[in-house]
Amino acid sequence: MPETNGERVILRYRRVPRIIHAILATSFLILLFTGLALVWSPLAFIAAGGWSRYLHRIAALGFMSVPILYVVFDRPGAKEIVTESFKYDSDDVAWFKSFYRYVLGRTAKMPPQGRLNAGQKLHHSAVMIFSASIVATGIIMWAFKSSLSATVLSWTAIVHDLSMLALALLLLGHIYFTYVYKAWSSMATGYVPKEDMELEHSKWLEELEHESAESPSA
């Protein structure tokens, strides 16, 4: 098992998912701020000259490319994250009951979790659902705006904006937990301390150790 600064670490995030995550984060932030420029006066300067509209569409292409990139470059990872994000067990239910402890940064007595804890599953599934909503409504407004009635266009824009708001709130939660659990470096290196995984993802760690024990090269 590799070590970093004398600390045993485990590879949690491979290089390809980390790159795709960076594309997702960058494109989403550009979409968020260029979209806010149209409805929030302090950011109106971004929309001056109309260039933000083109930047918004370029970022939209990057955002929509994320699932395609996963399928092309990391098909097993794509299948894994979709499957795990919508699958819950009794330990997940117990985890939600103790969620307040996790919010406060206390994981010592939390129920055992797999590669994704229950909160991460809920976060990932919500991101997938609201992202699909944003993409669908965005394409409708982009490609079929001239053929839509005023009512349909208004409701499409409302759904689009509310979905974006939901993703923005999910982002704030994501940043908060990344800060509380000091996970910034994991997305840069891909490695996490083994000690942290013993506390937060003990079932996943047991699976890794079992696979390692069964491996012919072990």
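**View 1. A lysine over a tyrosine ring in this predicted model.** The charged end of Lys-121 sits over the ring of Tyr-88, 5.6 Å from the ring centre. Tyr-88 also belongs to a cluster linked by ring pairs, together with Trp-95, Phe-96, Phe-99, Tyr-102, Tyr-176, Phe-177 and Tyr-181.

**View 2. Tyr-176 and Phe-177 form an aromatic pair.** Have a look at their geometry: the pair is edge-to-face, with 5.1 Å centre to centre and 70° between the planes. Tyr-176 counts as partly exposed, at 37% relative accessibility. Phe-177, at 22%, also counts as partly exposed, because buried means under 20%.

**View 3. Phe-28 and Phe-63 pair up between helix 1 and helix 2.** The arrangement here is tilted, with the ring centres 6.5 Å apart and the planes at 35°. Phe-28 comes from helix 1 and Phe-63 from helix 2, so their pair ties together parts that are 35 residues apart in sequence. Both rings belong to buried residues.

**View 4. Arg-12 lies over the face of Trp-204.** The distance to the ring centre is 5.2 Å.

**View 5. The second largest pocket has a volume of about 990 Å³.** Its lining is made up of 29 residues, and Gly-35, Leu-38, His-56, Met-141 and His-160 are the closest to its centre. Helix 1 (15-36), helix 2 (51-73), helix 6 (118-143) and helix 7 (150-180) each give two or more residues to the lining. Helix 2 gives the most, with seven residues. By type, the lining divides into 18 nonpolar, seven polar and four charged residues.

Definitions and conventions:
Residues numbered from 1 in each chain as written. Predicted model: local features only at pLDDT ≥ 70, side-chain atom pairs only at ≥ 80, totals over all residues. Heavy atoms only, no water. 1 Å grid on protein atoms, 1.4 Å probe; cavity = no way out; pocket = protein on both sides within 12 Å on 5 of 7 lines; lining within 4 Å. Points joined across faces, edges and corners; volume = space filled by probe spheres on them. Helix = DSSP H or I, 4+ residues; strand = E, 2+ residues; numbered from the N terminus. Nonpolar A, V, L, I, M, F, W, Y, C, P; charged D, E, K, R; others polar. Phe/Tyr/Trp six-rings, centres within 6.5 Å; stacked < 30°, edge-to-face > 60°. Buried < 20%, exposed > 50% of the residue type's maximum accessible area, 1.4 Å probe, protein only. Lys NZ or Arg CZ within 6 Å of the ring centre and 35° of its normal.
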